[in-house]
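Me: I've got a model to go through with you. Could you take my questions about the ligand, a strand pair and some rings?

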Amino acid sequence: MTRPQNLCILGATGSIGLNTLDVAARHPQRFRIFALSANERIDELAQLCQRHEPRYAVVAQAAQADALARRVKPGVTEILIGQQGLERIAAHEETDCVMAAIVGAAGLVPTLAAARAGKKLLLANKEALVMAGPIFMHAVRTHHATLLPIDSEHNAVFQCLPDSFRGDLGGHGVRRVLLTASGGPFRNTPLERLRHVTPDEACAHPNWVMGRKISVDSATMMNKALEIIEAHWLFGAAPEQIEVVVHPQSVVHSMVEYADGSVIAQLGNPDMRTPIAHALAYPERIEAGVGALDLFRIGQLDFVAPDFERFPALRLGYRALREGGTSPATLNAANEVAVSAFLDGRLPFLAITAVIEAVMDELGPRPLAGLDDVLGADAAARRQAGMQVGAMTV
Ligand code: NDP
Ligand code: MG
């Protein structure tokens with residue numbers, strides 16, 4: 001029997017990280033928890049270390065490393081610190097599989113390190129791909145990394161494409177990729193009400209339980225904007241080949257339309273353990289702890305066109321993709337600053353996309369030749385967004 005795969009989970013204490021541990025723990029003969037990381041939730045990381053006894057645990061700062069060291073078994077778990085620690089576990093020669101589940105731009109460098117080390121790379125951290133698409137995909141190809149999408153829509157598209165798919169939609173007779181979107185908690189909320197929504201209301205997603213940043217992204221539909229760009233890089237889809245379909249039940253996770261008129265969809269309960277298990281075991285199928293889909297209880301599946309007036313973020317996603325260069329990195333960084341200001345109660349909900357659009361207008365697209373250009377665009381957009389937030393502060 002082959003030995004278990006060594007799993008490295010970047011962002012182990014988050015929603016995707018914990019779901020990954022849940023699936024992996026169901027299959028101890030297949031997976032061994034080799035390395036875990038967290039940022040601030042050290043208590044949670046300590047509990048995970050006690051339960052899974054990883055070889056490495058990574059925290060953000062030295063003081064947290066001391067606090068964690070007192071709570072892990074000596075001689076079992078080595079504690080590493082910061083970006084260097086993350087890069088080390090992602091590229092470690094004994095790591096077989098990396099789950100990239102850090103939220104936001106902070107995940108870019110370690111996720112890229114995993115790609116450059118040619119790992120089996122499970123990508124939840126869509127922001128990394130949005131920011132650095134061409135650089136990231138070049139690293140995947142050059143170093144023969146196996147890239148598997150975790151985002152439920154992209155995992156669904158991946159499942160609906162032929163096994164032989166190698167990044168050429170036309171060559172495989174694909175006409176369009178149809179990304180479904182629940183429409184978030186404010187799909188039908190009167191526009192006037194949206195001015196006053198609170199962070200807790202924005203984070204109360206009707207179908208999915210997720211971290212707070214992506215929950216706000218779902219409420220503005222910036223999440224779908226990021227996913228349009230993600231689909232472009234993962235599948236080589238041109239902007240006009242990517243269509244957003246609002247599907248409030250979140251049962252159809254996405255679809256692929258072929259030249260002969262066939263549309264292939266992937267369905268399932270809205271539970272991230274399905275795409276996680278799919279990618280962990282790929283190309284095999286394993287039990288994920290997800291219940292059977294009860295179509296009789298669901299009864300009806302609805303599909304409606306997205307409302308670009310209500311959700312201007314969608315327009316910004318297509319715009320960033322068409323502009324290319326540093327535009328997606330600018331969009332992403334401005335969004336992170338604006339969402340964080342909204343979650344802190346410093347910015348009204350409707351101002352989130354206004355800040356992003358103003359930053360994109362101000363900075364414009366610039367050529368993207370290397371990682372320095374990405375990081376430069378990220379920093380410039382954060383500065384600009386900070387000023388915009390200051391000007392619009394509640
Ligand atoms: P969470 O906020 O729940 O978790 C984020 C994780 O990243 C935590 O482990 C957190 O550590 C860590 N982290 C946060 N900031 C930093 C930082 N600066 N440096 C290092 N680590 C950091 O997020 P989710 O699990 O919801 O999302 C993770 C990623 O997956 C995102 O990119 C999201 O877009 C994507 N995704 C999530 C889905 C979901 O259902 N949740 C669905 C599809 C995609 P700590 O806990 O210590 O703060
Ligand atoms: Mg998604």
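Me: How far is an oxygen atom of ligand 1 from a polar backbone atom of Ala124?
Reply: This is a predicted model, where local features need pLDDT of at least 70, side-chain atom pairs count only at pLDDT 80 or more, and totals for chains, interfaces and linings use all residues. Residues are numbered from 1 along each chain as its sequence is written, chains are lettered from A and ligands numbered from 1 in the order in which they are written, and side-chain values use heavy atoms, with hydrogens and water left out. A polar contact here is a pair of N or O atoms within 3.5 Å. For Ala124 the distance is 3.4 Å.

Me: And how much of ligand 1 does the protein bury?
Reply: Accessible areas come from the Shrake-Rupley method with a 1.4 Å probe. Taken alone, ligand 1 exposes 890 Å², and the share buried by the protein is 88%.

Me: Which polar side-chain atom lies 2.6 Å from an oxygen atom of ligand 1?
Reply: The shell around the ligand has 23 residues (a heavy atom within 4 Å). Thr13, Asn39, Glu40 and Arg41 are among the closest. The 2.6 Å partner is a side-chain atom of Glu127.

Me: Which residue stands opposite Val59?
Reply: Strands E3 (residues 56-59) and E4 (residues 78-81) run parallel, joined by four bridges; strands are DSSP runs of at least two residues, and pairing takes at least two bridges. Opposite Val59, in E4, stands Ile81.

Me: What is the angle between the planes of Phe186 and Phe349?
Reply: Ring centres must lie within 6.5 Å to pair; planes under 30 degrees apart are stacked, over 60 edge-to-face, the rest tilted. These two are edge-to-face, 5.1 Å centre to centre, with an angle of 80°.

Conventions. Phe/Tyr/Trp six-rings, centres within 6.5 Å; stacked < 30°, edge-to-face > 60°. Polar contact = N/O pair within 3.5 Å; in protein donor to acceptor, adjacent residues only side chain to side chain.
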